[in-house]
Amino acid sequence: MSPAHRPVRRSLPWLLAALSMIGPFSIDAVFPAFPLVGARFGVDATALQQLVSVYLATYAVMSLFHGAISDAVGRKPVVVAGLLVYAVASVGAAVSSSFAMLLTCRALQGMSAGAGLVVGRAVIRDSLEGPAAQRLMSQVMMIFGVAPVIAPMVGALLLPLGGWHGIFWLLAVFALLLALALQQFLDETHPPARRTQFAPRPLLAGYLSFGRDGVFWPLLVSSSVNFAGLFLYIASAPHIVRGLLQLSAQGFPWLFVPVVSGLIGGAWLSGWMAGRHSAKSTVSLGYAVMLLACAAHLLLALALPAPRLPWSMLPLILHGIGVQLAFPTLTLLLLDRFPHHRGGISSVQAFASLLLCSFVAGVMSPLLSASMLQLALGASALTLLGVLAWWWYHRITRYPLEPPLADVDTAAGIQAGIAEPR
């Protein structure tokens, strides 16, 4: 029985969703602790922002290798090993005695946390095809969607109990328990017969073959930029909540509840549209909703120079819906360009997306988070870049294209299965 037709365990969406929660918890749970960390180590807001950007930068770099390693040795060992390293890094962060040590542990967290995100996407595509894969991806994203709102709330609740140290202890325990669950319940979806060699020359050759595929680039840009506009608001949460809205650490849900509501709603809608509408229609609708959200952001920022609750946060619901409408299908379209190298493709996508998010968190957020209007303009620019890339994909796929040379025999049927409903 091929991996694509092996029965999928009912626990798989929950396991993959838990894996995807590592990222949001690593970023969002520490936001309420920023003032305490700053006071403990005597650093300013710009330095504290590096707790996010350093994590994302190392996450992005290592994501280039997680997928390729999983193509060579299997999905399960890479995911479990990544979680164990992440747990060790979290313990190190909890006992940090200097800001440099804390940044180092955050870097190690980023290097290991990407295994779950990158390899998890490959597991989905290994296990299912066409609309079924889109539905599973959407289910995972629906469950995952609660993480951004739970994380800062959990972080705020832990502050009176264990301070900022307690947040990292919680992350360590969560990673260890998840590693045990995956070891017990996750099936290996990439059998030895389908594995490729992990070596510098084949790895570089594989990445070069991706770059020679004309369809690869617009899909990569569109899927990478897809989340960046919304992430600008997430990365700016401490400035928005504490600075612009003048709220306490318990005020983060005002931002994250609309974001999560939109993400969950968009993921459900994407799953419902799987098999009913073409991939192009689903992604185009997603970007249309994101553009509408950007217009609402801009209008409210102009009408309300001082942000006002709940109105200034409501466009985040639309933005989240648009992101999740587009993302599952964009990811599957990209993975199906190279069916024998899904781990490698997932690595490249994660690298590009996370590198961009690191730039958003480390550069754009500090520069633009002084006002809602600047944030709205930044989010609109990022969204328009995604729209242009999606238009580029439309243009070059107007007529049937040849699949990548390395996968001519197997890609055509798979690509058709995801590109149009059955």
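Contact here means heavy atoms within 4.5 Å. This is a predicted model, where local features need pLDDT of at least 70, side-chain atom pairs count only at pLDDT 80 or more, and totals for chains, interfaces and linings use all residues. Residues are numbered from 1 along each chain as its sequence is written, and side-chain values use heavy atoms, with hydrogens and water left out.

**View 1. The whole protein: 17 helices and 0 strands.** Helices (H or I, at least four residues) and strands (E, at least two) are DSSP runs, numbered from the N terminus. If you take the contacts between residues at least 6 apart in sequence, 86% of them join residues at least 24 apart. Of the 422 residues, 58% are buried, where buried means under 20% relative accessible area, exposed means over 50%, and partly exposed is in between (1.4 Å probe, protein chains only). The accessible surface is about 16,400 Å², and carbon and sulfur atoms account for 71% of that. Those areas come from the Shrake-Rupley method with a 1.4 Å probe, and for residues only the protein chains shown count as cover.

**View 2. The largest nonpolar core, with its 114 residues.** A nonpolar core is a set of buried Ala, Val, Leu, Ile, Met, Phe, Trp, Tyr and Cys residues joined through side-chain atoms within 4.5 Å. The residues touching the most other members are Val37, Leu56, Leu83, Leu102, Leu182, Phe231 and Leu255. Helix α7 (residues 147-185) chips in the most, giving 12 residues to this core. Zoom in on Leu102 and, leaving out residues up to four places away in sequence, you'll find it touching Val37, Phe41, Leu51, Ala93, Ser96, Trp164 and Phe168.

**View 3. Helix α10, residues 228-235.** All 8 of the 8 residues here are buried, so the helix is largely enclosed by the rest of the structure. Going along α10, that's Ala228, Gly229, Leu230, Phe231, Leu232, Tyr233, Ile234 and Ala235.

**View 4. The loop between α13 (279-303) and α14 (315-335).** Pro310 sits in this loop, and the peptide bond leading into Pro310 from Leu309 is cis, with omega near 0°. Ser312 is in the loop between α13 and α14 too. Ser312 is buried, at a relative accessible area of 6%. Setting aside neighbours within four places in sequence, Ser312 is in contact with Leu300, Leu304, Pro307 and Met372.

**View 5. Gln246, in the loop between α11 (237-244) and α12 (253-273).** Gln246 isn't a glycine, yet it has a positive phi of about 60°. Gln246 is exposed, with a relative accessible area of 62%.
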